[in-house]
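Here is a protein model to look through together. Keep the structure open beside the text and find each part as it comes up.

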Amino acid sequence: MAKLGNATAVKNAGSGAKGKVIGIAIAIVVLVIILFNIFNFASTDANKIGLHYGGGVIEDKKFKSIITPGSTNKMIGPGDTVYAYPIDQRSYIIGGAGADTENADEVTVVSKDNVRLGVRVQVYFTLNRSQAVIQSFHERIGLKTEAYEDRGWNAMLQSYFRPQIDRALAAVGTNYAWAELYNNEAKKAAFQTAAAKEFTRLLPAAVGGDYFCGPSYNGTNGCGELSFTIQKPTPLDKGIIDGLEAKQRADLARQAQVQKNEQVNVELQSVKQQVAMLGANGYLLKSAIESGKIQFMVIPQNGNVSIPVPTPVQTPR
C-alpha cells in the first residue's frame, strides 16, 4: 500500500508541473495579445511618407513624428494613427486618355476676339515633404479632403487644382486672338508660359502654402516649379475651323493666281523685247519655227538636194 501511495504522489506531481507549463504558455499568449492591442505597428511603402499622430486616452491627438518611406513595423503607441501621403511624381490631367477628369473634359477659354476655346491641360508635381510643410498640408487640407486615401487625393485635386487652372487660363486667354492660339506655335508657347506663371501664383494662395513642388523634387533639392503644359486650343464651334480652312484655301488660290500673273507679265515683257529687236514679222517667223509650224533645212553650198513633191489628192467628182 505504501508503494501505491508513492506512485500516486509522483503522478500527481507530474500532472501539476505539466499544468503549470500550460498555464505559463497561455499567460504568454494572453500577454502578447494584450501587448499587440496596447501598441500599434506602422509600415510605409517606398513611395509614401507617414505622419504619426498620437491618439491615446491619456494624450492629445498631436503630431509625433515622420515615418520615413519604406519603413517596416515601426512601433507606435496605443490609439495612434499614421497618415500616408505619396512622395513620387504625381499628375493632374484634364481631358484625353488617362485623364483625372472625363475624357471629353476641357477648360473653356474666351479669346481676345470672343471665341470660346477648349483647352486640355497637364500638370506634373510632387508633394513637398519638408516636415513643417507636409504637417501643415495634412492639417489644413489632407484631413478635410481625406487626401491620404486615393479617393480623397483625387477629390483634393478637383477641389484645389481645377479652379486655379480655370482662373489662370481665363486670365491670360483674353490677350490672344483665337487663330493665334490655334495655328501660331510662338503665340501658343507664350500663352502656355503666361498661364503656368499665373497658376503657380494662384495655387499657393488658394491652398495656404507651398505644398507642391516640381516633378524633379526629391526631398533634398530645391522645390522647383510645377510642370504645366497645354494642348492646342480648339474652338468649341467647329464651323469656325471650317471657315478658317476655307479662307486658307482661298488665300492659297489667290497666291497661285498672283504668281501666274507675274509669270505672264514676265513673258509679255520678253515678247515686247523680241518684237523691238526682230520686228513683228521676224518675231512671228521665229515663233512659227520654234513651234514647228515652219520647217527648214540647211543646204550645203554647191550641193544637190532632192525635194519630194507631194502628190495632189484627187477629189472624186
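A residue is called buried when its relative accessible area is under 20%, exposed when that area is over 50%, and partly exposed in between. Keep those cut-offs in mind, since they come back several times below.

## The whole thing at a glance

First things first: this is a predicted model. The protein has six helices and 12 strands. Out of its 317 residues, 28% are buried.

What about the outside? The accessible surface adds up to about 20,600 Å², and carbon and sulfur atoms account for 56% of that. As for how the chain meets itself, take the contacts with a separation of 6 or more: 69% of them link residues that are 24 or more positions apart.

## Asn128, tucked into a loop

Look for Asn128 in the loop between β9 (121-127) and α2 (131-145). Is Asn128 buried or exposed? Its relative accessibility is 10%, and the cut-off for buried is under 20%, so Asn128 counts as buried.

The side chain of Asn128 has some polar company. One of its polar atoms lies 3.2 Å from the backbone oxygen of Asp210. The Asn128 side chain also makes a polar contact with the side chain of Tyr217, at 3.4 Å. If you skip residues up to four places away in sequence, the residues that Asn128 touches include Val133, Ile134, Tyr211 and Phe212. Two cysteines, Cys213 and Cys223, are also among them, and they lead us to the next stop.

## The disulfide

How many disulfides does the model have? The count comes to one. This disulfide joins Cys213 to Cys223, with 1.9 Å from S to S. Cys213 lies in strand β10 (residues 212-213), while Cys223 sits in the loop between β10 and β11 (227-230), so the link ties together parts that are 10 residues apart in sequence.

The link between Cys213 and Cys223 is left-handed, with -100° about the S-S bond. Its two ends don't get the same cover: Cys213 is buried, at a relative accessible area of 0%, whereas Cys223 counts as partly exposed at 26%.

## A sheet with a helix across it

Now find the open sheet whose three strands run in the order β7-β8-β12, with antiparallel pairing. Its edge strands are β7 and β12, each of which pairs on one side only. Strands of a sheet pair through backbone hydrogen bonds, either parallel or antiparallel.

Strand β7 (residues 107-110) pairs with strand β8 (residues 116-119) over four bridges. You can check this on the model: Val109 stands opposite Leu117 in β8, and Val110 stands opposite Arg116. The hairpin of β7 and β8 has five residues between the strands, and in it Asn114 takes a positive phi near 65°.

On to the next pairing: β8 and strand β12 (residues 234-235) are antiparallel and share two bridges. Here Leu117 turns up again, with Pro235 in β12 as its bridge partner. Helix α3 (residues 150-173) lies across β7 and β8, running at about 20° to β7.

## Thr101, just before that sheet

Where is Thr101? You'll find Thr101 in the loop between β6 (90-94) and β7. At 15% relative accessibility, Thr101 counts as buried, because the cut-off is under 20%.

The side chain of Thr101 makes a polar contact with the Asp105 side chain, at 3.4 Å. Leaving aside neighbours within four places in sequence, Thr101 is in contact with several residues, including Tyr92, Ile93 and Ile94, as well as Gln158 and Arg162.

## Another open sheet

There is also an open sheet of three strands in the order β3-β2-β5, and its pairing is antiparallel. The edge strands here are β3 (63-67) and β5 (81-86), each pairing on one side only. From one strand to the next, the twist averages 25°.

Strand β2 (residues 48-53) and β5 pair in the antiparallel sense over six bridges. Which residue in β5 is the bridge partner of Leu51? That partner is Tyr83. While you have this sheet in view, try following the side chains along a strand: in a regular strand they alternate between the two faces of the sheet.

Note on methods
Residues are numbered from 1 along each chain as its sequence is written. This is a predicted model: local features need pLDDT of at least 70, side-chain atom pairs count only at pLDDT 80 or more; totals for chains, interfaces and linings use all residues. Side-chain values use heavy atoms; hydrogens and water are left out. A disulfide is a pair of cysteine sulfur atoms within 2.5 Å. Buried means under 20% relative accessible area, exposed over 50%, partly exposed in between (1.4 Å probe, protein chains only). Contact means heavy atoms within 4.5 Å. Accessible areas come from the Shrake-Rupley method with a 1.4 Å probe; for residues, only the protein chains shown count as cover. Two strands pair if DSSP finds at least two bridges between them. A polar contact is a pair of N or O atoms within 3.5 Å; within protein, one must be able to donate a hydrogen and the other to accept it, and residues adjacent in sequence count only if both atoms are side-chain atoms. Axes are lines fitted to C-alpha atoms, for helices over the stretch in contact, and angles run from 0 to 180 degrees between N-to-C directions.
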